[in-house]
Amino acid sequence: MDNTTAYLAVLARIMQEERAETTTGSWEHYEKLYALVHTDLTTQLKASRYPDAPALQKKAEGLLDEMEPLYLCPELAGTGCLLISDYHTNTLFEPFRRAFLHWADIAPLLRLQTQIPFLIVDSEEDQLEVLNYANRHVALSPDEYELLLTESGKNRVALNKIVQVFLLRTPLAVKNVSLIFDNVYHRAEQLFGGAVSRKIACLNSRGFQTASKRGLDHFDAVTCKPELVPALKAHPALCHCPRMDWAMLVPCLGTIHPILYGFQYRFQALFTQLECYYLRSSNEMQEIVRQITDDIVRLGEKQNDALPQLRQSAKEAGDQLNNEWNALQPVLETIHTCLTENEKDLRDLSSSGKEVPRRVWDAVFEIFFTEEREKTRFGQKIEASLRTLEYPELPLVQAYLKKKAGKPVSAPVVTVGPGEWEKARMLLELQNPDSLSRATLRQYVDLLKPNRLSSGREYYAKSLIATFPEDVTSALTESFQRGYLPAGEKLLQLYNCASSSIDLSVLVNGLLPEACVAMAQRSTPRCVTYSDLADPGFTYYKLAAVKGYLPAIQFIVDKLYDSGFSTAKRIGSTSLTDAARKKYAENGKVLCSLCHYLIEERSHQSLHNSEILGVVLFCLGESYSEAMRLLSGIDTGVSNFCKGCMYHHGYGVAQNTEQAIRYYQLAALKGFKNPSLQPSLRACYQADAKEKEEQTTAYQEGNSYKRTTSNYQTHDSGCFITTATCRALHAGDDCRELNLLRWFRDNKLQSTPQGEAIVREYYRVGPLLVQAIDRTPDPDALYQSLWEDYIRPSCTALENRQWEPAKQIYVRMVKTLCLRFGVEVRPQICEALKDY
């Protein structure tokens, strides 16, 4: 067989397109991920409203392209990889002579020049392969390699259009390291760049001439033969580049560590953007629906047909967004699960002993800052990931989080390197931009430009280094619209200086919460009142409150509370006209809504707002039991007065004169002023004296009252439901209603055999019913209902000596509860009570 025939046979063999099975790893995991991204994710994104769907899809496919070579050459995965480039790739074997344990077998590769990249991985045996453009591995013998290069040159065959890379497996002196010999066209870097730990450019005399065209900025160092070092040092474009000595190329292999590929983080960064879009858009639609609903309620019959249609359109848009996100979530979860398998295949589960490249840090901090703003589910564990990845500036991260939480903290001393935009963002947050030098500000802003500037503080920093007035105004306006108050103050200064470039409407229409409050403090009329939400003093605070700004909401709550509720003025007060009573009720309802919101959002002031809510509910005469729950444990004049009044009149709790007197006295000691306090206290004193007098005479038939006392001590634990109800309503165990029912049980009901049987059955089912009530979602509400519907009417009948009606009411309560909770009553008792 002549050379031409043999050459054509080799050429035909390496041009085959059938993909060979990978020797290690699980190619099916990559194919599954590929199908998920190209089919499932693409289908959902095309049908979605997500505006950046094409860009996200392109980035996801780019990550797949970066992952694929690691599956094609699985020996490369998990190793430290040094890439060194030169015009001819075969010439790079010489400086690494000592790295090859079988140099005699490698030396022939130097004879024939080629620009096709070499990928060299550590192996026990020597083997040479080609990777063709069908991503198929084809083994070559040394003779076939030489024939392929020689004949391709003779016949002017563009071999680089057939062969992507030569893969050489050979024993290396340094373990867990791979080498890539690339050409000046960066072909291997394009293919395997995601696995490269360090990049070095090798220069010859020709390379000095083409250095500017070659693009050496992204290389970690340059190197050349010793005789060319003087020329390298004198070259104006190369003298400042980091340089590595020719003799240090092999020793530097010991410093090459594997890198963390971080595909999980990088996919999550993309999906976090997706989730943020749907969270924000859904919230915006809900807010639009709420605003339109408020307008419909406010306008009433005056509204036109457009508002309901607009509300329906907004609801449908919100529903569509929710449906899209619900359809996307399972796809994203499946991709996440598949990525875990990919991490195992690529030995990328642990970051221990690995370098974390800038692209992974970028993804991690994109998730970190998005989580800090949006509270997404992908960001929930990112802080722990920073510790796992051993981020070198963890004190900076901790200081940043403390500052965002409102705690005082100083900025740690940190060196900011190229590409470290996250440090620039955190340091700008921790420091006053006005106190930083212009050079520092420029460094920070340049790192955040063009697409990472986000906060008002960052745009303010940009305005400080802007050269032209229009650029200053634009940056300040953007900063102010993003809530940075100093930017608004500077804009006002510029406007006051008659700057024609400042649009005052921007300062008014673009107000964000902090600016609204500042404007309110600056522009509030001198004689403003705060008795009504329509008062002018509330104008800017309401603008801030609509945005959910908590200090503004708290201000509104405190001022409205002080307009009458803080003195516990009741809605039925004779001092209120009908119009004032209506306005008082409206303000009270607003206060209730705002207090509920503040209690959820401001835990450090929850006690203060709970007191306001409890007092307002009392003043409005709504949900007394809830008011008592909120005010329990609060010891202020107004709260004690409200509790005394509720015990005095039996609002929401069992009437208890002793408790009423106690709380009235505490209110007086606190200096609480209310016109009805002293009259109410006197009335309680009189009622208490009357109750004590009646206790010595009431319900006595012969010696029955004496028997009641002893029996009550014996059977105190038997009055289960009433006892539980009184405790839920904050009444004592010796309240009048309990004593009355116990007296009836011991002196009337148990005086007959049938009554004794009923009491014994009640002792059996009572504890079961109490347990069942306590397991309901809202036991207090059920106890309140039992009190109003059964217990209090039964006691009223007893006070009027109507023994049988009192018994009937109580029996009906027990039978109703047994039926509701499935508690069986003995048949003989059912028969006895069938008429009840």
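Helices here are DSSP runs of H or I with at least four residues, strands are runs of E with at least two, and both are numbered from the N terminus. With that in hand, we can start at Ser48, which sits in the loop between helix H2 (27-46) and helix H3 (53-72). Before going further, please keep in mind that this is a predicted model, in which local features need pLDDT of at least 70 and side-chain atom pairs count only at pLDDT 80 or more, while totals for chains, interfaces and linings use all residues. Residues are numbered from 1 along each chain as its sequence is written, and side-chain values use heavy atoms, with hydrogens and water left out.

Is Ser48 buried or exposed? Its relative accessibility is 15%, so Ser48 counts as buried; buried means under 20% relative accessible area, exposed means over 50%, and partly exposed lies in between, using a 1.4 Å probe and protein chains only. The side chain of Ser48 reaches the backbone oxygen of Leu45 at 2.8 Å. That is a polar contact, a pair of N or O atoms within 3.5 Å; within protein, one must be able to donate a hydrogen and the other to accept it, and residues adjacent in sequence count only if both atoms are side-chain atoms. Setting aside neighbours within four places in sequence, Ser48 is in contact with Tyr278 and Glu324, where contact means heavy atoms within 4.5 Å.

Now let us step back to the whole protein. Its secondary structure comes to 36 helices and eight strands, and buried residues make up 48% of its 836 residues. Among contacts with a separation of 6 or more, 70% join residues 24 or more positions apart.

Leu203 offers a look at one of the strands, since it lies in S7 (residues 198-203). Leu203 is buried, with a relative accessible area of 2%. Beyond neighbours within four places in sequence, its contacts include Phe208, Arg214, Leu216, Val222 and Leu238. Leu203 and Tyr87 are 116 residues apart in sequence, yet 8.4 Å separates their C-alpha atoms in space.

Tyr87 also turns up beside Asn183, a residue in contact with Ser85, Asp86, Tyr87, Thr89, Gln115 and Pro117 when neighbours within four places in sequence are left aside. Asn183 lies in the loop between S6 and helix H6 (187-192), and its relative accessible area of 6% makes it buried. Which backbone atoms does the side chain of Asn183 reach? It reaches the backbone nitrogen of Tyr185 at 2.9 Å and that of Arg187 at 3.4 Å.

Two other loop residues are worth a look for their backbone angles. Most residues other than glycine have a negative phi. Asn176, in the loop between strand S5 (163-170) and strand S6 (177-182), has a positive phi near 60°; the residue is partly exposed, with a relative accessible area of 39%. Glu390 also has a positive phi, near 60°, and lies in the loop between helix H13 (382-388) and helix H14 (394-404). At 63% relative accessibility, Glu390 counts as exposed.

Next comes the interior. In soluble globular proteins, nonpolar side chains tend to be buried together. A nonpolar core is a set of buried Ala, Val, Leu, Ile, Met, Phe, Trp, Tyr and Cys residues joined through side-chain atoms within 4.5 Å. The largest such core has 84 residues, of which Phe618, Met646, Ile721, Met813 and Val814 touch the most other members. Helix H34 (residues 779-799) supplies the largest share of this core, nine residues. A second, separate core of 64 residues includes Leu33, Val222, Ala317 and Cys338. Returning to Met646, residues that it touches more than four places away in sequence include Phe618, Tyr624, Leu631 and Val653.

Finally, where is the second largest cavity lined? Its lining consists of Met67, Phe263, Gln264, Leu339, Asn342, Glu343, Leu346 and Asp348. On a 1 Å grid over the protein atoms alone, a cavity is a set of points where a 1.4 Å probe fits but cannot get out, and lining residues have an atom within 4 Å of a point. H11 gives the most to this lining, with three residues.

Methods:
On a 1 Å grid over the protein atoms alone, a cavity is a set of points where a 1.4 Å probe fits but cannot get out, and a pocket is an open set with protein on both sides within 12 Å along at least five of seven lines; lining residues have an atom within 4 Å of a point.
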